[in-house]
Amino acid sequence: MIRRLGELWGTSFPAFWLLLAACLYFAVMAARLTVIDVRHHLLPNRIVFPSYAIAGVLLLGAAIAAGTSDGGASFLGVPYLGIVAGGAVLWIFYFILRLAYPPGMGFGDVKLAGVLGLYLGYLGWAHVFVGTFAAFLFGGLWGLVVLASRRGTLKSSIPFGPFMLAGAAAAMLVLPA
């Protein structure tokens, strides 16, 4: 994402500011949701639902202003559909996980997955896959730490939202756009 911001700085001033606003919103949203989920095991709708509209408008606006119709901003040859497709694919994937084992994942995680898919879909399918994989990797490693430190058991619940956010952030920061 940082690389993409650098590219836009020199080519499209409006797209740069829209993407920067999207990144700043992500950082604030992620911080708020992480604190709330760790404390209360809850991802509030009052934060997640508006994030769909805010992220969608800012990311679509950045893609349109930049005039990009390739890479992450296209899906099946349709420009800018990658953003929406990323959100839909992640939402469906997490919904299937929720259906398969309801105690293992809250519906707040499903709703958050759609928002994260918008961000990752903006950058491309590699980001969607890496961000999702990283979330499960981080969550699994944390689960091992909890077990090894004897602070929990295999039946203990851990908030997964922070790991989803960390995985998406890692994919956005580490992978090239």
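Which helix gives the most to the lining of the largest cavity? To get there, let us walk through this predicted model, beginning with its core and then turning to its empty spaces.

The largest nonpolar core holds 44 residues, and those with the most contacts inside it are Leu19, Phe26, Leu59, Tyr94, Tyr119 and Tyr122. At least two residues of this core come from each of helices H1 (2-11), H2 (13-40), H3 (45-66), H4 (81-100), H5 (107-123), H6 (125-148) and H7 (161-174). A good place to look around is Tyr119: leaving out residues up to four places away in sequence, Tyr119 touches Met1, Ala22, Tyr25, Phe26, Ala55, Leu59 and Met172. Two of these partners, Phe26 and Leu59, are themselves listed with Tyr119 for the most contacts inside the core.

Now follow H2 along its length. This helix has 28 residues and reaches 40 Å from its first C-alpha to its last, close to the 40 Å expected at 1.5 Å a residue. Its buried residues are Ala15, Phe16, Leu19, Ala22, Cys23, Phe26, Met29, Ala30, Leu33, Ile36 and Asp37. Among the elements that cover them are H1, H3, H5 and H7. After H2 comes His41, with a positive phi near 55 degrees.

Arg32 also sits in H2. Is this arginine buried, exposed or partly exposed? Its relative accessible area is 43%, so Arg32 is partly exposed. Apart from its neighbours within four places in sequence, Arg32 is in contact with Arg46 and Ile47. The C-alpha atom of Arg32 lies 20 Å from that of Met105, which is 73 residues away along the chain.

Met105 is a handy pointer to the largest pocket, where Pro103, Gly104, Met105, Ser157 and Ile158 lie nearest the centre, out of 30 lining residues. This pocket has a volume of about 850 Å³. H5 and H6 each supply at least two residues of its lining, and H6 provides the largest share, 7 residues. By character, the lining divides into 15 nonpolar, 11 polar and 4 charged residues.

The second largest pocket has a volume of about 150 Å³. Its lining consists of Met1, Ile2, Leu5, Cys23, Phe26, Ala27, Ala169, Met172 and Leu173, with at least two residues from each of H1, H2 and H7. Here the lining divides into 9 nonpolar residues, with no polar and no charged ones. Some of these names are already familiar: Met1, Phe26 and Met172 are among the residues that Tyr119 touches, and Cys23 and Phe26 are among the buried residues of H2.

That leaves the enclosed space. Rolling a probe the size of a water molecule over the atoms shows where empty space is left. The count comes to 1 cavity of 30 Å³ or more, and about 50 Å³ of space lies in the largest cavity. Around this space are Leu90, Tyr94, Leu116, Leu120, Gly131, Thr132, Ala135, Met164 and Ala168. H4, H5, H6 and H7 are the elements that give two or more residues to this lining. The opening question can now be settled: H6 gives the most, with 3 residues. The lining of the cavity divides into 7 nonpolar and 2 polar residues, with no charged ones. Tyr94, one of the lining residues, also brings us back to the core, where it is listed among the residues with the most contacts.

Methods. Residues numbered from 1 in each chain as written. Predicted model: local features only at pLDDT ≥ 70, side-chain atom pairs only at ≥ 80, totals over all residues. Heavy atoms only, no water. Core = buried A, V, L, I, M, F, W, Y, C linked by side-chain atoms within 4.5 Å. Buried < 20%, exposed > 50% of the residue type's maximum accessible area, 1.4 Å probe, protein only. Helix = DSSP H or I, 4+ residues; strand = E, 2+ residues; numbered from the N terminus. Contact = heavy atoms within 4.5 Å. 1 Å grid on protein atoms, 1.4 Å probe; cavity = no way out; pocket = protein on both sides within 12 Å on 5 of 7 lines; lining within 4 Å. Points joined across faces, edges and corners; volume = space filled by probe spheres on them. Nonpolar A, V, L, I, M, F, W, Y, C, P; charged D, E, K, R; others polar. Expected span 1.5 Å × (residues − 1).
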